Amino acid sequence: MMLSTIKNKILSLESDSPTEDLPQASVLLALTESKEPELIFTLRSKKVSSHGGEVSFPGGMKEDKDRSLEETALRESHEEIGLDPTKVTIYGKMNTLVSRFNVSVTPYVGSIPEGTILNEDSEEIDSIFKVPVSFFLEDKRLRNDSVKKDGEVFYVPAYKYDSYIIWGLTAMIIVNFLNLTLDAGIDLSNPTDPKEEI
């Protein structure tokens with residue numbers, strides 16, 4: 001039920017175009033086709049030149065050989081986590097965001113069969129992990145990171161799942177995804193109380 005709701009909302013979106021005068025990148029929000037859908041994340045290796053040691057969605061910079069940003073997201077997902085592009089059902093894309101490094105990032109949303117084999121052989125990542133979408137719907141924040149844009153201050157959540165901290169652009173993409181597809185109503189104009197550490 002949740003996946004069909006997400007798919008229908010994504011299909012009905014009129015997403016904007018990437019920022020043409022900036023470097024282009026894309027990421028894949030891959031949802032497991034399970035009773036309790038999960039999102040797939042990576043922990044990037046500290047050896048990589050950008051975003052080392054951070055949690056992110058599979059994805060990366062567009063290369064000349066990529067015919068589209070969707071192809072970039074699928075290629076990078078295959079390179080990073082061994083995800084076979086033929087196993088991915090792409091629903092569509094969300095609005096582009098600009099990273100703190102001035103990169104135009106376009107998120108694509110799709111699903112993969114439950115039990116799809118992934119691997120951690122890439123030198124770019126240390127691990128792959130999954131988080132239930134329901135966890136993010138609770139909006140239990142570890143902290144609020146304040147971001148100033150166009151004179152306004154936004155409070156982007158940082159979430160802790162097991163030993164992983166999910167923050168920054170990745171967290172912003174998650175909030176946009178939840179608000180657009182599941183009407184989560186997460187308000188970034190006011191900070192919410194971080195959860196109490198146990």
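## Asp-139, a three-stranded sheet and the salt bridges

With a relative accessibility of 13%, Asp-139 counts as buried, because the limit for that class is under 20% relative accessible area. The structure described here is a predicted model. Asp-139 belongs to the loop that lies between α3 (133–137) and β9 (143–149), and its side chain makes a polar contact of 3.1 Å with the side chain of Arg-141. When residues up to four places away in sequence are not counted, Asp-139 touches Pro-157, Tyr-159, Ile-186 and Thr-192.

Strand β9, which follows that loop, belongs to an open sheet of three strands, ordered β9-β10-β11 and paired in antiparallel fashion. The edge strands are β9 and β11 (164–166), each of which pairs on one side only, and from one strand to the next the twist averages 25 degrees. Strand β10 (residues 152–161) is joined to the antiparallel β11 by three bridges, and Tyr-159, one of the residues that Asp-139 touches, stands opposite Ile-166 in β11. Helix α4 (residues 168–182) packs on this sheet and touches β9, β10 and β11, its direction making about 95 degrees with that of β10.

Turning to charged side chains, the structure holds 13 salt bridges, and the table lists some of them.

| Pair | Closest N to O distance |
|---|---|
| Arg-44 and Glu-80 | 3.8 Å |
| Arg-44 and Glu-124 | 4.0 Å |
| Asp-145 and Arg-143 | 2.7 Å |

Arg-44 thus takes part in a salt bridge with Glu-80 and in another with Glu-124. The pair of Arg-44 and Glu-80 links distant parts of the chain, since Arg-44 is in strand β2 (residues 38–44) and Glu-80 in helix α2 (residues 69–81), 36 residues apart. Arg-44 counts as buried at 10% relative accessibility, and Glu-80 is buried as well, with a relative accessible area of 0%. Glu-124 lies in the loop between β7 (104–113) and β8 (125–132), so its pairing with Arg-44 of strand β2 ties together parts that are 80 residues apart in sequence; Glu-124 itself counts as partly exposed, at 28% relative accessibility.

In the salt bridge between Asp-145 and Arg-143, Asp-145 is buried with a relative accessible area of 18%, whereas Arg-143 counts as partly exposed at 31% relative accessibility. Elsewhere, a network of salt bridges links Glu-63, Lys-65, Asp-66, Arg-75, Glu-76 and Glu-79.

Note on methods. Residues are numbered from 1 along each chain as its sequence is written. This is a predicted model: local features need pLDDT of at least 70, side-chain atom pairs count only at pLDDT 80 or more; totals for chains, interfaces and linings use all residues. Side-chain values use heavy atoms; hydrogens and water are left out. Helices (H or I, at least four residues) and strands (E, at least two) are DSSP runs, numbered from the N terminus. Buried means under 20% relative accessible area, exposed over 50%, partly exposed in between (1.4 Å probe, protein chains only). A polar contact is a pair of N or O atoms within 3.5 Å; within protein, one must be able to donate a hydrogen and the other to accept it, and residues adjacent in sequence count only if both atoms are side-chain atoms. Contact means heavy atoms within 4.5 Å. Two strands pair if DSSP finds at least two bridges between them. Axes are lines fitted to C-alpha atoms, for helices over the stretch in contact, and angles run from 0 to 180 degrees between N-to-C directions.
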